[in-house]
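Me: Here is a model I would like to go through. I want the reason behind each label, value against cut-off.

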Amino acid sequence: QVQLVESGGGLVQPGGSLRLSCAALGGRLSAMNVGWHRQAPGKQRELVAHLTSGAGTNYGDSVKGRFTISRDNAENTVYLQMNSLKPEDTAAYYCTARLGEYSFWGQGTQVTVSS
């Protein structure tokens, strides 16, 4: 069983930056496809960013050019660097990992973009 623990969320002003972290316990993220999803109140959960075990990436249209997903294999951690944040980026952000038929989700970290 893989446990994902997110951190780094908080309150930030529009135009600011945050970096989310996702540490894995019980599995090696380097072998998995990993990603970040988000869900705002009253909205469907959506893909933010995805990183394959082969280092391929894709991003949701609303975050392209502003967010970057990366992985530190030595730290067994996945990051989401978020720049030029907008109020519409406000949501709970979830780290995900997939290995074969198995999917794992973190419990989420809240990001609030507001002045």
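Me: What makes the link of cysteine 22 and cysteine 95 left-handed?

Reply: This is a predicted model, and in it the angle about the S-S bond of that link is -80°, with the link classed as left-handed.

Me: How do you know that cysteine 22 and cysteine 95 form a disulfide?

Reply: Their sulfur atoms are 2.0 Å apart. The cut-off is within 2.5 Å, so the pair qualifies. A search of the whole structure finds 1 disulfide.

Me: Why is the pair said to link distant parts of the chain?

Reply: Cysteine 22 is in strand β3 (residues 18-25) and cysteine 95 is in strand β9, 73 residues apart. Both cysteine 22 and cysteine 95 are buried.

Me: Which aromatic pair is there, and what makes it edge-to-face?

Reply: The count comes to 1 aromatic pair. Tyrosine 94 and tryptophan 105 form it, with 6.3 Å centre to centre and 65° between the planes. Ring centres must lie within 6.5 Å, and planes over 60 degrees apart count as edge-to-face, so both conditions hold here. Tyrosine 94 lies in strand β9 (residues 91-99) and tryptophan 105 in strand β10 (residues 102-105), so the pair ties together parts that are 11 residues apart in sequence.

Me: Why is tyrosine 94 called buried, and what is tryptophan 105 called?

Reply: Tyrosine 94 has a relative accessible area of 16%. Buried means under 20%, so the label fits tyrosine 94. Tryptophan 105 has 38%, which lies between the 20% and 50% limits, so tryptophan 105 is partly exposed.

Me: How do you know that arginine 45 lies over the face of tyrosine 94?

Reply: Arginine 45 is at 4.5 Å from the ring centre of tyrosine 94. The distance limit is within 6 Å, so the distance part of the test is met. The test also has an angle limit, within 35 degrees of the ring normal. No angle is quoted here, but arginine 45 is classed as lying over the face.

Me: What makes the phi of alanine 55 worth listing?

Reply: The phi of alanine 55 is near 80°, a positive value in a residue other than glycine. Alanine 55 is found in the loop between β5 (46-51) and β6 (57-59). Its relative accessibility is 52%, and exposed means over 50%, so alanine 55 counts as exposed.

Me: Where is serine 84 found, and why is it called partly exposed?

Reply: Serine 84 is found in the loop between β8 (77-82) and β9. Its relative accessible area is 40%, which falls between 20% and 50%, so serine 84 is partly exposed. Serine 84 also has a positive phi, about 50°, although it is not a glycine.

Me: How many helices and strands does the protein chain have, and why is the chain called as compact as a globular protein of that length?

Reply: The protein chain has 0 helices and 11 strands. Its radius of gyration is 13 Å, close to the 13 Å that the globule rule gives for 115 residues, so the description holds. The C-alpha atoms fill a box of roughly 40 × 25 × 25 Å along the principal axes.

Me: How many of the residues count as buried?

Reply: Of the 115 residues of the protein chain, 42% count as buried. The chain exposes about 6,100 Å², and carbon and sulfur atoms supply 46% of that area.

Conventions. Residues are numbered from 1 along each chain as its sequence is written. This is a predicted model: local features need pLDDT of at least 70, side-chain atom pairs count only at pLDDT 80 or more; totals for chains, interfaces and linings use all residues. Side-chain values use heavy atoms; hydrogens and water are left out. Rings of Phe, Tyr and Trp (its six-membered ring) pair if their centres lie within 6.5 Å; planes under 30 degrees apart count as stacked, over 60 as edge-to-face and the rest as tilted. Helices (H or I, at least four residues) and strands (E, at least two) are DSSP runs, numbered from the N terminus. Buried means under 20% relative accessible area, exposed over 50%, partly exposed in between (1.4 Å probe, protein chains only). The radius of gyration is taken over C-alpha atoms; the globule rule is 2.2 Å times the number of residues to the power 0.38. Accessible areas come from the Shrake-Rupley method with a 1.4 Å probe; for residues, only the protein chains shown count as cover.
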